[in-house]
Amino acid sequence: MKSILCNRLGDPDVLEYKDVDIPQVDENNILIKVKATSVNYADLVMLKGQYQTKPDFPFGPGLECAGEIVDLGIKVKKFELNQRVLAKIPHSGFAEYVLSNPEFTYKIPDKMTWEHAASFFVAYVSSYTALKYQGNLMPNQKVLVLGAAGGTGLTAVEISKAIGAKVFAAASSYEKIKVIEEYGVDHSINYTDKNLKEEIKILTHGKGVDVVFDPVGGKLFDEALSSLDWGGKYLIFGFVGGIPQIPSNRLLVKHRSAIGCSLRFFENYDKEKIHTSVETLFKLYNEEKIKPFISKCFELKDAPKALNLLKERKATGRIAIVI
Ligand SMILES: NC(=O)c1ccc[n+]([C@@H]2O[C@H](COP(=O)([O-])OP(=O)(O)OC[C@H]3O[C@@H](n4cnc5c(N)ncnc54)[C@H](OP(=O)(O)O)[C@@H]3O)[C@@H](O)[C@H]2O)c1
């Protein structure tokens, strides 16, 4: 089978399009014939050797995929051959066949496309668990989403709207603002042109927001922290723009909290919340309250080009790899 793998760390250009053996199931796992997979920012981080997990060589990017079950371990009881599924996997999902753990494999809704299924788990489940369980976001609360046209930013926007929150969505260009506005946000802010803190102050009549969802960090952190109201929650979600240091005095004086949000925490220590989240998100998908935005599709051999779009800050929504 064809697979995208690397034998050294670096940028997407180190990846090779290789012929390798189709993996064989053991008694506990599932073999999926992959129809689509997708790129996540974490693929770039793993490729650099800076991710929380460091797989042995050769490994490939790809944390999720969708396809049909073509083989099953003898102890796997809750799936059947030919079922349409999506799976969250540890890495190496850019391949024609993938082994998955039944624990993180889900039968997909009949109407879900392969591209949607392959782009679903990481972005939606991580932003849902962050907003719901860490941020406790409630209807009519105000939420500020940074990097709002990106993969997890846009899913955070959709989920916040589905919860009934008032959404302030921020991004770095008018092209990205156009994407956000298609999702019916209450206010959009281009933080390249405008001062985020001042804009939020004006839009909230001096009060600020209840929750910040931040997959970006870096220079934006300071203005976003100042945009939190009394008792507000800062969801620390990602560091694409750099890892900020938190000035504890600014948490204390306004009774704010900064809260870590990690999908891996739920995968390792609170799986039930993952399964409940997937169920809720599939329901929202079936009701057309959320709809993955696939801005581009690539062939498997062109996966490095897809990753480079994220690296160069040119991606919007999700990018799928169709096999
Ligand atoms: N905590 C979790 O469980 C979890 C789960 C999934 C992902 N993440 C993390 O969340 C972050 C975002 O992931 P993603 O998949 O949403 O990425 P993405 O699709 O590439 O979006 C990231 C956004 O960050 C902004 N950005 C600012 N500086 C950038 C730079 N130097 N390069 C690229 N983008 C930059 C961009 O928006 P603007 O141009 O509008 O600023 C971009 O749209 C990553 O750090 C990822 O590891 C965390």
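**View 1. The ligand lies between two domains of the predicted model**. Domain 1 (2–120 + 292–322) and domain 2 (123–264) both give residues to the shell around the ligand, so the ligand lies between them; the domain bounds come from an automatic or database domain assignment. Local features in this predicted model need pLDDT of at least 70 and side-chain atom pairs count only at pLDDT 80 or more, whereas totals for chains, interfaces and linings use all residues. Residues are numbered from 1 along each chain as its sequence is written, and side-chain values use heavy atoms, with hydrogens and water left out.

**View 2. Residues around the ligand**. Of the 22 residues around the ligand (each with a heavy atom within 4 Å of it), Thr152, Ser172, Lys176, Tyr191 and Cys261 come nearest. The shell divides into twelve nonpolar, eight polar and two charged residues, where Ala, Val, Leu, Ile, Met, Phe, Trp, Tyr, Cys and Pro count as nonpolar, Asp, Glu, Lys and Arg as charged, and the others, Gly among them, as polar.

**View 3. Polar contacts of the ligand (pairs of N or O atoms within 3.5 Å)**. A polar backbone atom of Gly151 is 2.7 Å from an oxygen atom of the ligand, and a polar side-chain atom of Thr152 also lies 2.7 Å from a ligand oxygen. For Arg313, an N or O atom in the side chain is 2.8 Å from an oxygen atom of the ligand.

**View 4. Buried and exposed residues of helix α5**. In α5 (residues 174–181; a DSSP run of H or I, at least four residues), Lys176, Ile177, Val179 and Ile180 are buried (under 20% relative accessible area, 1.4 Å probe, protein chains only). These four cover an arc of only 155° around the axis, taken from the directions to the C-beta atoms, which puts them on the same side of α5. Glu175 and Lys178, on the other side, are exposed (over 50%).

Technical notes: A polar contact is a pair of N or O atoms within 3.5 Å; within protein, one must be able to donate a hydrogen and the other to accept it, and residues adjacent in sequence count only if both atoms are side-chain atoms. Helices (H or I, at least four residues) and strands (E, at least two) are DSSP runs, numbered from the N terminus.
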